[in-house]
Amino acid sequence: MLLSIIIVSWNTRNLLDACLASVERELTATFGGLDRGQVFVVDNASADSSAQMVAEKYPWVKLIANQDNKGFAAANNQAFALSTGDFVLMLNPDTEVKSGSLKTLVDFFETHPQAAVVAPQLLNSDGSVQRSCRQFPTFVGMLYELIGLSRLFPASSPRGIKFREYKMLDWNHDDERQVDQPEGACLLIKRAVLDRVGTLDEGFFMLFEEVDWCYRVKKAGYEIWFTPRAQVVHHYGQSIKQVKVAMILSSHRGLYRFWHKHYRGGRWWLDAVAYCGLMALAYVRIASYKLKALLSHP
């Protein structure tokens, strides 16, 4: 088996349908048939008949229908354990693969033997480029981001460039380069690297699990690449926006776990300060979100 594709879904029935249609087209047209790849859909107890749609419309898909929401990391790991492809693609259900892009990603490893992961250029629903790569989070970089400084200063100003480093907003995502952490909407991974580095850390429920995994890949000495020669449309945040408040909290808890796991060291006395500070910022973001929602719907 050449390619295993893993899609974790939660209440994105119509988007998942479009995603699977694009995957079916690519496997048939570019790889020569559905038997050249295996596709897993792990449904995290969706309430919109997503699992039923997959079973009826795409019988060639290996469906795992969970009875409860296990989170993104744990759901991916369920399929990782069953997959047999030389390459494994993590793909969000709110994506559509552009023509030829799956083969471009697989072929990328032939010319980049040290690469462990390659990510495509993501496009917004309107076709514009989605800036999808990040540097690994640092205390200062995340502080700039969480308190909004990255959005207050223009990119052309010296301060603006500094504040925007974490999200790499000074780069147009239009050239091929090594990066720290591409967004997990579409990541192609070598099986051999997955076997060595391990699967996703299930201590992350949703958000920052792919950051942690990319960090471990880099620590193991491998390269992570971005290429605009492959493109995937990403209808951003369709699952997350259904439970925005919960996702803000999950994001901040994930960031705390990442800090505790990789940056804390023996500084145990910072645990309470780091956790309380991050959660305080989370509730500030929630209050801001609620206020904007209130003002937009008087």
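This presentation covers the salt bridges of the structure, then helix α9, strand β6 and glutamine 130.

Good morning, colleagues. The model under discussion is a predicted one.

I begin with the charged side chains. How many salt bridges does a search of the whole structure find? The search returns 12. I shall discuss three pairs and one network.

The first pair is lysine 57 with aspartate 17, where the closest N and O atoms are 2.9 Å apart. Lysine 57 belongs to helix α2, residues 50-57, and aspartate 17 to helix α1, residues 13-29, so this salt bridge ties together parts that are 40 residues apart in sequence. As for its surroundings, aspartate 17 has a relative accessible area of 18%, and since buried means under 20%, it is classed as buried.

The second pair is glutamate 176 and arginine 229, whose side chains meet in a salt bridge at 3.0 Å, N to O. Here the link is between distant parts of the chain, 53 residues apart: glutamate 176 is in the loop between α7 (158-163) and β9 (177-178), while arginine 229 is in strand β12, residues 223-234. Glutamate 176 is partly exposed, at a relative accessible area of 29%.

The third pair joins aspartate 212 to lysine 261, with 3.1 Å between the closest N and O atoms. Aspartate 212 sits in helix α9, residues 209-219, and lysine 261 in helix α10, residues 244-262; the salt bridge therefore ties together parts that are 49 residues apart in sequence. Are the two partners buried or exposed? Aspartate 212 is buried, with a relative accessible area of 0%, whereas lysine 261 is partly exposed, at 38%. Both residues also take part in a network of salt bridges that links Asp201, Asp212, Arg216, Arg257 and Lys261.

That network leads to helix α9 itself. Nine of its 11 residues are buried, so α9 is largely enclosed by the rest of the structure. Among the buried residues are Asp212 and Arg216, which both belong to the network just described. Other buried residues of this helix include Glu209, Glu210, Trp213 and Tyr215. After α9 comes glycine 221, with a positive phi near 95 degrees.

I turn now to strand β6, residues 115-123. Nine of its nine residues are buried, so this strand, too, is largely enclosed by the rest of the structure. Which strands pair with β6? With β12 the pairing is parallel, over eight bridges, and leucine 122 stands opposite valine 232 of β12. Strand β12 is also where arginine 229 of the second salt bridge is found. With β11, residues 186-190, the pairing of β6 is antiparallel, over two bridges; valine 117 has isoleucine 189 as its bridge partner there. With β7, β6 is likewise antiparallel, joined by two bridges, and leucine 123 stands opposite valine 129. The hairpin of β6 and β7 has five residues between the strands, and in this hairpin glycine 127 takes a positive phi near 95 degrees.

Finally, I consider glutamine 130, which is located in strand β7, residues 129-130. Its relative accessibility is 7%, so it counts as buried. What does glutamine 130 touch, once residues up to four places away in sequence are set aside? Its contacts are Leu122, Leu123, Asn124, His173, Glu183, His234 and Tyr236. Of these, Leu122 has already appeared opposite valine 232, and Leu123 opposite valine 129.

That concludes the presentation. Thank you for your attention.

Methods
Residues numbered from 1 in each chain as written. Predicted model: local features only at pLDDT ≥ 70, side-chain atom pairs only at ≥ 80, totals over all residues. Heavy atoms only, no water. Salt bridge = Lys/Arg side-chain N within 4 Å of Asp/Glu carboxyl O. Helix = DSSP H or I, 4+ residues; strand = E, 2+ residues; numbered from the N terminus. Buried < 20%, exposed > 50% of the residue type's maximum accessible area, 1.4 Å probe, protein only. Contact = heavy atoms within 4.5 Å. Pairing = 2+ DSSP bridges.
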